[in-house]
Amino acid sequence: VYVATVIIGLLILFALYLLLLRLFSNIPPLEFLRKARSLLLLAFSTSSSAAVMPLSMQTATEELGIRSQIAQFVIPLGATINMNGTALYQAVATVFLAQVFDIEIGTGGLALIVAMAVGASIGSPATPGVGIVILASIVASVGIPPAGVALIIGVDRLLDMSRTAVNVAGDLVTCSVGQRWTTGEAAAPAAPDAEGTQGPETGGD
(Lines give C-alpha, C1' and ligand atoms only; values in the text may rest on other atoms or scores of the structure.)
Protein backbone atom coordinates (compact mmCIF):
# COMPACT_ATOMS: atom_id res chain seq x y z
CA VAL A 1 0.00 0.00 0.00
CA TYR A 2 2.87 2.36 0.80
CA VAL A 3 4.50 1.76 -2.60
CA ALA A 4 1.19 2.14 -4.41
CA THR A 5 0.50 5.41 -2.58
CA VAL A 6 3.84 6.90 -3.60
CA ILE A 7 3.47 5.80 -7.22
CA ILE A 8 -0.10 7.12 -7.47
CA GLY A 9 1.06 10.42 -5.99
CA LEU A 10 3.89 10.62 -8.54
CA LEU A 11 1.45 9.87 -11.37
CA ILE A 12 -0.83 12.68 -10.18
CA LEU A 13 2.15 15.03 -10.05
CA PHE A 14 3.20 13.94 -13.54
CA ALA A 15 -0.35 14.54 -14.81
CA LEU A 16 -0.21 18.03 -13.28
CA TYR A 17 3.00 18.70 -15.21
CA LEU A 18 1.30 17.66 -18.45
CA LEU A 19 -1.66 19.90 -17.63
CA LEU A 20 0.65 22.88 -17.08
CA LEU A 21 2.36 22.04 -20.35
CA ARG A 22 -0.97 22.04 -22.16
CA LEU A 23 -2.14 25.28 -20.57
CA PHE A 24 1.04 27.36 -20.86
CA SER A 25 2.76 25.86 -23.89
CA ASN A 26 1.65 24.64 -27.29
CA ILE A 27 3.26 21.20 -26.97
CA PRO A 28 0.60 18.46 -26.84
CA PRO A 29 1.19 16.07 -23.90
CA LEU A 30 1.38 13.00 -26.15
CA GLU A 31 3.97 14.67 -28.36
CA PHE A 32 5.95 15.67 -25.28
CA LEU A 33 5.93 12.07 -24.03
CA ARG A 34 7.05 10.77 -27.41
CA LYS A 35 9.96 13.21 -27.71
CA ALA A 36 11.06 12.86 -24.08
CA ARG A 37 10.62 9.08 -23.91
CA SER A 38 14.31 8.20 -24.17
CA LEU A 39 15.24 10.77 -21.54
CA LEU A 40 12.57 9.63 -19.09
CA LEU A 41 13.57 5.98 -19.52
CA LEU A 42 17.23 6.83 -18.89
CA ALA A 43 16.30 8.89 -15.83
CA PHE A 44 14.20 5.99 -14.58
CA SER A 45 17.07 3.53 -14.99
CA THR A 46 19.84 5.72 -13.53
CA SER A 47 17.88 7.38 -10.68
CA SER A 48 20.03 10.48 -11.14
CA SER A 49 19.00 13.85 -12.53
CA ALA A 50 22.66 14.83 -12.81
CA ALA A 51 23.59 11.76 -14.87
CA VAL A 52 20.99 12.55 -17.53
CA MET A 53 21.62 16.31 -17.60
CA PRO A 54 23.40 16.30 -21.01
CA LEU A 55 20.55 14.32 -22.55
CA SER A 56 18.04 16.62 -20.86
CA MET A 57 19.61 19.64 -22.55
CA GLN A 58 19.77 17.86 -25.89
CA THR A 59 16.12 16.81 -25.65
CA ALA A 60 15.05 20.31 -24.68
CA THR A 61 16.87 22.08 -27.50
CA GLU A 62 16.69 19.55 -30.33
CA GLU A 63 13.41 17.75 -29.68
CA LEU A 64 11.29 20.40 -27.95
CA GLY A 65 12.76 23.48 -29.59
CA ILE A 66 13.77 25.23 -26.36
CA ARG A 67 16.30 28.01 -26.68
CA SER A 68 19.73 26.90 -25.53
CA GLN A 69 20.06 29.84 -23.13
CA ILE A 70 16.87 28.82 -21.33
CA ALA A 71 17.76 25.12 -21.26
CA GLN A 72 21.27 25.80 -19.97
CA PHE A 73 19.87 27.89 -17.12
CA VAL A 74 16.80 25.87 -16.11
CA ILE A 75 18.01 22.27 -16.37
CA PRO A 76 21.17 22.49 -14.19
CA LEU A 77 19.20 24.52 -11.66
CA GLY A 78 16.28 22.11 -11.80
CA ALA A 79 18.55 19.10 -11.28
CA THR A 80 19.32 20.56 -7.85
CA ILE A 81 16.20 22.32 -6.61
CA ASN A 82 13.35 20.78 -8.63
CA MET A 83 12.84 17.69 -6.47
CA ASN A 84 9.05 17.70 -6.18
CA GLY A 85 8.87 13.94 -6.62
CA THR A 86 11.41 13.47 -3.85
CA ALA A 87 9.49 15.77 -1.51
CA LEU A 88 6.27 13.87 -2.19
CA TYR A 89 7.98 10.54 -1.48
CA GLN A 90 9.51 11.74 1.78
CA ALA A 91 6.20 13.09 3.07
CA VAL A 92 4.36 9.84 2.29
CA ALA A 93 7.16 7.74 3.77
CA THR A 94 7.16 9.78 7.00
CA VAL A 95 3.41 9.39 7.44
CA PHE A 96 3.69 5.67 6.71
CA LEU A 97 6.40 5.17 9.33
CA ALA A 98 4.37 7.20 11.83
CA GLN A 99 1.50 4.78 11.32
CA VAL A 100 3.81 1.78 11.69
CA PHE A 101 5.11 3.06 15.04
CA ASP A 102 1.64 4.25 16.09
CA ILE A 103 2.80 7.84 16.49
CA GLU A 104 0.07 10.47 16.32
CA ILE A 105 0.83 13.32 13.95
CA GLY A 106 -1.48 16.29 14.21
CA THR A 107 -2.00 19.17 11.83
CA GLY A 108 1.12 20.89 13.09
CA GLY A 109 3.15 17.73 12.59
CA LEU A 110 1.88 17.34 9.03
CA ALA A 111 2.77 20.96 8.27
CA LEU A 112 6.25 20.37 9.70
CA ILE A 113 6.67 17.24 7.57
CA VAL A 114 5.67 19.09 4.41
CA ALA A 115 7.96 22.04 5.17
CA MET A 116 10.93 19.80 5.98
CA ALA A 117 10.36 17.52 2.98
CA VAL A 118 10.23 20.47 0.58
CA GLY A 119 13.13 22.23 2.24
CA ALA A 120 15.31 19.11 2.37
CA SER A 121 14.60 18.26 -1.26
CA ILE A 122 15.85 21.68 -2.37
CA GLY A 123 19.59 21.43 -2.74
CA SER A 124 19.79 17.70 -2.16
CA PRO A 125 22.40 15.95 -4.35
CA ALA A 126 21.01 14.53 -7.59
CA THR A 127 22.45 11.08 -6.88
CA PRO A 128 20.77 7.71 -6.35
CA GLY A 129 19.72 6.81 -2.82
CA VAL A 130 20.28 10.20 -1.23
CA GLY A 131 16.57 10.57 -0.48
CA ILE A 132 16.64 7.77 2.09
CA VAL A 133 19.40 9.59 4.02
CA ILE A 134 17.43 12.83 4.12
CA LEU A 135 14.33 10.89 5.15
CA ALA A 136 16.10 9.67 8.29
CA SER A 137 16.51 13.26 9.50
CA ILE A 138 12.90 14.14 8.69
CA VAL A 139 11.39 11.23 10.61
CA ALA A 140 13.59 12.00 13.62
CA SER A 141 12.18 15.53 13.75
CA VAL A 142 8.65 14.22 14.40
CA GLY A 143 9.65 11.60 16.96
CA ILE A 144 9.89 8.55 14.69
CA PRO A 145 12.89 6.27 15.33
CA PRO A 146 15.30 6.74 12.40
CA ALA A 147 15.93 2.98 12.47
CA GLY A 148 12.42 2.60 11.03
CA VAL A 149 13.77 3.75 7.67
CA ALA A 150 15.19 0.24 7.33
CA LEU A 151 11.63 -0.99 6.79
CA ILE A 152 11.37 0.76 3.43
CA ILE A 153 14.93 0.44 2.13
CA GLY A 154 14.00 -2.73 0.25
CA VAL A 155 11.57 -0.90 -2.03
CA ASP A 156 13.34 2.45 -2.12
CA ARG A 157 15.18 1.75 -5.39
CA LEU A 158 11.96 1.40 -7.38
CA LEU A 159 10.55 4.57 -5.88
CA ASP A 160 13.84 6.39 -6.43
CA MET A 161 13.70 5.51 -10.13
CA SER A 162 10.10 6.68 -10.41
CA ARG A 163 10.55 10.02 -8.65
CA THR A 164 13.69 10.81 -10.68
CA ALA A 165 11.75 10.40 -13.93
CA VAL A 166 9.07 12.76 -12.61
CA ASN A 167 11.69 15.31 -11.51
CA VAL A 168 13.33 15.28 -14.96
CA ALA A 169 9.97 15.67 -16.66
CA GLY A 170 9.35 18.70 -14.47
CA ASP A 171 12.59 20.27 -15.67
CA LEU A 172 11.51 19.96 -19.31
CA VAL A 173 8.06 21.35 -18.59
CA THR A 174 9.64 24.30 -16.78
CA CYS A 175 11.82 24.97 -19.82
CA SER A 176 8.80 24.94 -22.14
CA VAL A 177 6.70 27.19 -19.93
CA GLY A 178 9.67 29.47 -19.22
CA GLN A 179 10.32 30.02 -22.91
CA ARG A 180 6.68 30.96 -23.49
CA TRP A 181 6.68 33.44 -20.60
CA THR A 182 10.09 35.03 -21.15
CA THR A 183 10.18 35.28 -24.95
CA GLY A 184 6.55 34.89 -25.96
CA GLU A 185 7.63 32.08 -28.27
CA ALA A 186 6.12 28.64 -28.03
CA ALA A 187 8.50 25.71 -27.98
CA ALA A 188 8.72 23.91 -31.29
CA PRO A 189 10.92 21.12 -32.67
CA ALA A 190 14.29 22.55 -33.62
CA ALA A 191 15.00 22.07 -37.31
CA PRO A 192 18.62 22.37 -38.50
CA ASP A 193 19.09 24.95 -41.25
CA ALA A 194 21.78 25.89 -43.68
CA GLU A 195 23.36 28.40 -41.32
CA GLY A 196 23.88 25.83 -38.56
CA THR A 197 22.00 27.36 -35.66
CA GLN A 198 22.97 24.56 -33.29
CA GLY A 199 26.54 25.64 -32.71
CA PRO A 200 27.20 24.81 -29.03
CA GLU A 201 30.37 26.86 -28.80
CA THR A 202 28.77 30.25 -29.54
CA GLY A 203 26.65 31.44 -26.68
CA GLY A 204 24.68 34.10 -28.61
CA ASP A 205 23.56 37.45 -27.29
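Is D156 buried or exposed in this structure? With a relative accessible area of 7%, D156 is buried. Keep in mind that what you see is a predicted model. We'll come back to D156 after a look at the whole chain.

**The overall picture**

The protein chain has 9 helices and 0 strands, so reading along the sequence gives one α after another, in the pattern α-α-α-α-α-α-α-α-α. Of its 205 residues, 42% count as buried. Take the contacts between residues at least 6 apart in sequence: 78% of them join residues at least 24 apart. On the outside, the chain exposes about 10,300 Å², and carbon and sulfur atoms supply 66% of that area.

**Inside: the nonpolar core**

The largest nonpolar core holds 46 residues, and F32, Y89, L135, I152 and L172 touch the most other members. Several helices give two or more residues to this core, among them α1 (2-24), α6 (84-100), α8 (130-141) and α9 (153-183). Try finding I152 in the model. Leaving aside neighbours within four places in sequence, I152 is in contact with Y2, Y89, A93, F96, L97, I132 and L135.

Helix α6 deserves a look of its own. It has 17 residues and reaches 24 Å from its first C-alpha to its last, close to the 24 Å expected at 1.5 Å a residue. Its buried residues include G85, T86, Y89, A93 and L97. After α6 comes D102, whose phi is positive, near 55°.

Over in helix α4 sits T59, which counts as buried because its relative accessibility is 5%, under the 20% cut-off. Apart from neighbours within four places in sequence, T59 is in contact with K35, A36, L39, L64 and L172.

**Charged pairs**

The model has 3 salt bridges. Here they are, with the N to O distance for each.

| Partners | N to O distance |
|---|---|
| K35 and E31 | 2.6 Å |
| D156 and R163 | 3.6 Å |
| R163 and D160 | 3.5 Å |

Side chains of opposite charge can pair when their charged atoms come close. K35 and E31 are 4 residues apart in helix α2 (residues 29-35), so about one helical turn separates them. K35 is buried, at 13% relative accessible area, whereas E31 is partly exposed, at 26%.

R163 appears in two rows of the table, with D156 and with D160. Being 3 residues apart in helix α9, R163 and D160 are also about one helical turn from each other. Salt bridges that share partners join D156, D160 and R163 into one network. And this network involves buried residues: D156 has a relative accessible area of 7%, R163 comes in at 2%, and D160 is at 5%.

**On the surface**

Now for the outside. A nonpolar surface patch of about 600 Å² is made by L16, L19, L20, L23, F24 and W181. Helix α1 supplies the largest share of this patch, with 5 residues. L20 lies in helix α1 and is partly exposed, with a relative accessible area of 31%.

Finally, where is T174? Its place is in helix α9, and at 41% relative accessibility T174 counts as partly exposed. T174 and G78 are 96 residues apart in sequence, yet 8.6 Å apart in space, C-alpha to C-alpha.

Note on methods. Residues numbered from 1 in each chain as written. Predicted model: local features only at pLDDT ≥ 70, side-chain atom pairs only at ≥ 80, totals over all residues. Heavy atoms only, no water. Core = buried A, V, L, I, M, F, W, Y, C linked by side-chain atoms within 4.5 Å. Buried < 20%, exposed > 50% of the residue type's maximum accessible area, 1.4 Å probe, protein only. Contact = heavy atoms within 4.5 Å. Expected span 1.5 Å × (residues − 1). Patch = residues over 30% accessible without salt bridge, like charges linked within 9 Å, V, L, I, M, F, W, Y side chains within 5 Å. Areas by Shrake-Rupley, 256 points an atom, 1.4 Å probe, with all protein chains shown as cover. Salt bridge = Lys/Arg side-chain N within 4 Å of Asp/Glu carboxyl O.
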